[in-house]
Amino acid sequence: MATLSTTPSAAPTVRRRVSPLLRREINWGLLFLSPWLVGFLFFTLMPMAASLIFSLTDYNPIHPEATQFVGLTNWGRLFNDPFMRQAWAVTLRFVVISVPLSIAFPLGLAVLVNSEHLFAKNIYRTLFYMPSMIPVVVNVIIWGGIMNSETGWLNRAIEFVFGVQGPRWYQDEAWVIPALTIMGFWGVGNTMLTMLAGLQNVPTELYDAAKVDGASGWQRFFSITLPMISPVIFYNLMLCVIGSFQYFTQAYIIGNGRGDPNGATMFYNLYLYRIAFNFLDMGYGATLAWAMFVIVLILTIILFRTQNRWVYYAGGE
Amino acid sequence: MAALPHARPRRAPVWSPRRNMRQFTATAAVTLVALLVVALFLAPLAYMTLTALKTQKQVQDPHSQFLPSSPSTYRYEGRDYPLLNVPTEGGARQWALVKPGREASDFIDPDNPAAGLIHWEGRWRVLEPVYHFDPTLENFPKSWNQIHLDRLFGNTLFIAVVGTLGTLLSSVAVAYGFSRFRIPGINLLFIILISTIILPRQVTLIPTYIFFRAIGWGGTWWPLIIPHFFANAYNVFLLRQYFKGIPRDMDEAAMIDGASPLQTLLYVILPQSMPALTAVGLFHFFFAWNDFFEPLIYLQGREDLYTLSIGMTQFANIFNTQPGLATAASMMALALPVVIFFLAQRVFMQGIVITGVDK
């Protein structure tokens with residue numbers, strides 16, 4: 001991170017030909033950049049480093065004076081912590097169930113509102129986007145009513161259509177993750193809009209050529225549309241996977257902050273919160289945070305590596 | 001600026017009856033599907049509204065009506081009797097139950113009370129009561145007072161507005177710095193800025209928390225406001241893209257006339273960037289309105305400083321017992337962001353597309 005320094009000494013080749021005019025421009029530029037430079041230093045870089053140091057201690061905010069350096073104890077605990085393993089399992093379960101749907105559903109909506117046959121498209125776009133504006137707490141409350149096992153509309157609809165009793169969504173270990181996934185459908189606005197923009201950037205000629213060649217609607221979708229918008233799908237996939245590790249509010253509210261029912265909503269980030277702010281074990285909390293950073297980094301790198309296989313960049317970027 | 005693209009330009013229509021018929025069928029089918037999806041998607045809002053208009057008694061009614069309604073009664077000889085749907089030889093009638101019995105009961109016909117009591121054979125308990133539409137607004141003031149919604153609104157609004165100002169000031173300055181100045185290493189700096197997007201904020205959380213506590217900011221709003229005066233990657237990215245799209249000729253002309261870079265920013269760049277500024281302002285406003293984690297840890301135990309999100313969690317917990325109150329509070333909590341969204345949706349949605357697609 002030494003390259004971060006913006007002083008001319010870091011770039012000696014430039015210093016030789018710095019005219020007073022350019023000097024003035026650099027100073028002005030640095031002045032404008034300064035909020036971010038300062039913020040990055042004080043609110044990102046230094047806390048990151050401090051977090052790493054905390055992870056080597058048993059810091060407790062009630063007895064800060066008793067803090068001891070404990071070496072890699074916290075990091076060792078990470079690998080032998082059954083609760084951490086459960087939090088991992090919950091998070092992965094969510095990734096597996098929720099992420100594909102939170103890509104496919106907004107993609108479907110985007111295709112729908114992009115259809116040349118749809119009347120008054122903009123109204124639909126606005127309406128599909130609107131629930132993304134609803135505060136998450138409110139979202140949980142409303143869907144809690146919809147998914148109420150006795151009086152909720154969802155179970156009544158299930159009983160009406162399939163003739164069977166619906167699950168006890170929020171209270172059932174097996175169904176609470178699907179319930180969270182369904183609830184998440186109200187937050188797909190951003191994904192839908194980016195997918196829509198992707199769809200609209202696909203050159204019309206491609207479709208025309210395929211039509212001339214006799215390709216069916218499905219063939220056109222899978223052979224033209226999907227490859228052409230794969231960069232947008234990739235971008236959203238990455239945000240979704242990273243977001244799963246930071247998933248908190250919904251799980252906190254539904255599980256009363258304790259992971260109810262029976263630990264089924266104890267997401268990684270919620271576990272981190274409990275360790276650091278309920279049990280005040282901030283040393284281990286910092287370890288969990290850094291571990292999350294490492295995991296997210298590794299996942300990002302893996303996803304980027306798989307890009308060559310399925311993401312198509314027009315123009316060979 | 002990459003405007004939210006419109007529909008692809010349609011080819012000149014070639015008129016033919018068959019073709020037009022097909023077009024019409026397709027339009028009708030797609031629009032119907034879309035209507036159905038929208039209806040399902042927004043059904044929870046209808047549920048919320050209907051529940052908010054129900055009294056606690058209506059919610060607990062064993063016959064659980066779809067609309068907020070109460071059992072109808074009929075006043076006969078100074079007393080109220082429940083109206084029931086009674087099957088008779090002449091079809092179903094709505095009669096008031098005056099003298100209930102096990103196997104037979106006496107009813108009065110409200111349309112013809114002069115006819116006196118009617119004896120009916122059968123079990124009245126299996127009869128459906130008659131309901132009439134009877135919404136209530138009592139949940140709104142009740143929930144407002146129960147969680148001090150006025151205070152929660154005030155707190156959240158203050159945090160959101162001041163934070164939005166901070167974000168705008170700092171992000172505009174930084175984006176201007178990134179878009180107009182030849183600083184050595186600026187591309188690397190920009191890459192670092194963008195890569196902070198994937199940085200989970202938890203990794204800086206604990207030291208930041210300890211730091212804010214140490215300087216006495218625990219249990220205050222400052223930790224929720226001050227960090228936003230130091231710009232953030234999304235907003236800088238959006239504004240930089242926008243500024244880059246503004247022709248340099250104009251700021252060069254201003255510079256030749258002796259304007260300083262600050263004056264150029266204020267009088268040349270900003271007046272042309274209103275859509276981007278609006279988008280950034282809205283992003284932050286909605287973020288602050290929604291934020292949960294940081295108010296949760298920084299405002300712990302300071303109920304008088306709670307934001308809307310934190311205050312509303314009480315209702316999430318009592319939902320099963322008092323859904324009327326919870327949904328009424330929900331309606332009030334989502335009203336402001338939803339109204340603002342509808343007013344500014346075009347600018348806002350364009351902003352999403354820029355940050356999401358152009359990267």
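Where in chain B does B:H148 lie?

**Figure 1. The loop that holds B:H148 in the predicted model.** B:H148 lies in the loop of chain B between helix 3, which covers residues 139–146, and helix 4, which covers residues 149–180. The phi angle of B:H148 is near 55°, a positive value in a residue that is not glycine. Most residues other than glycine have a negative phi. With a relative accessibility of 37%, B:H148 counts as partly exposed, because that class takes in values between 20% and 50%.

**Figure 2. The loop between helix 12 and helix 13 of chain A, with A:N256 and A:P261.** Helix 12 (249–254) and helix 13 (268–278) of chain A are joined by a loop in which A:P261 is found, and A:N256 is found in the loop between these helices too. The peptide bond that leads from A:D260 to A:P261 is cis, and its omega is near -10°. Most peptide bonds are trans. A:N256, which is not a glycine, has a positive phi near 50°, and its relative accessibility of 39% makes it count as partly exposed.

**Figure 3. The contact between chain A and chain B.** On one side of this interface 101 residues of chain A are in contact, and on the other side 100 residues of chain B. The area buried between chain A and chain B is about 8900 Å², and carbon and sulfur atoms give 77% of this area. Three residues, A:F32, A:W36 and A:F43, supply 9% of the area that chain A buries against chain B, which is more than any other three residues supply.

**Figure 4. The salt bridge between B:R182 and A:E25.** How many salt bridges are counted between chain A and chain B? The count is one, and in the salt bridge between B:R182 and A:E25 the closest N and O atoms are 2.7 Å apart. Helix 2 of chain A (residues 20–54) gives the most to the side of chain A that touches chain B, namely 22 residues. That side of chain A divides into 68 nonpolar, 25 polar and eight charged residues.

**Figure 5. Chain B as a whole.** Chain B has 14 helices and seven strands. Its radius of gyration is 31 Å, well over the 21 Å that the globule rule gives for 359 residues, so chain B is more spread out than a compact globule. The C-alpha trace of chain B spans about 100 × 75 × 35 Å along its principal axes, and buried residues make up 50% of the 359 residues in the chain.

Conventions:
Residues numbered from 1 in each chain as written. Chains lettered and ligands numbered in written order. Predicted model: local features only at pLDDT ≥ 70, side-chain atom pairs only at ≥ 80, totals over all residues. Heavy atoms only, no water. Contact = heavy atoms within 4.5 Å. Buried area = accessible area lost by both parts, 1.4 Å probe. Salt bridge = Lys/Arg side-chain N within 4 Å of Asp/Glu carboxyl O. Helix = DSSP H or I, 4+ residues; strand = E, 2+ residues; numbered from the N terminus. Nonpolar A, V, L, I, M, F, W, Y, C, P; charged D, E, K, R; others polar. Rg over C-alpha atoms; globule rule 2.2 N^0.38 Å. Buried < 20%, exposed > 50% of the residue type's maximum accessible area, 1.4 Å probe, protein only.
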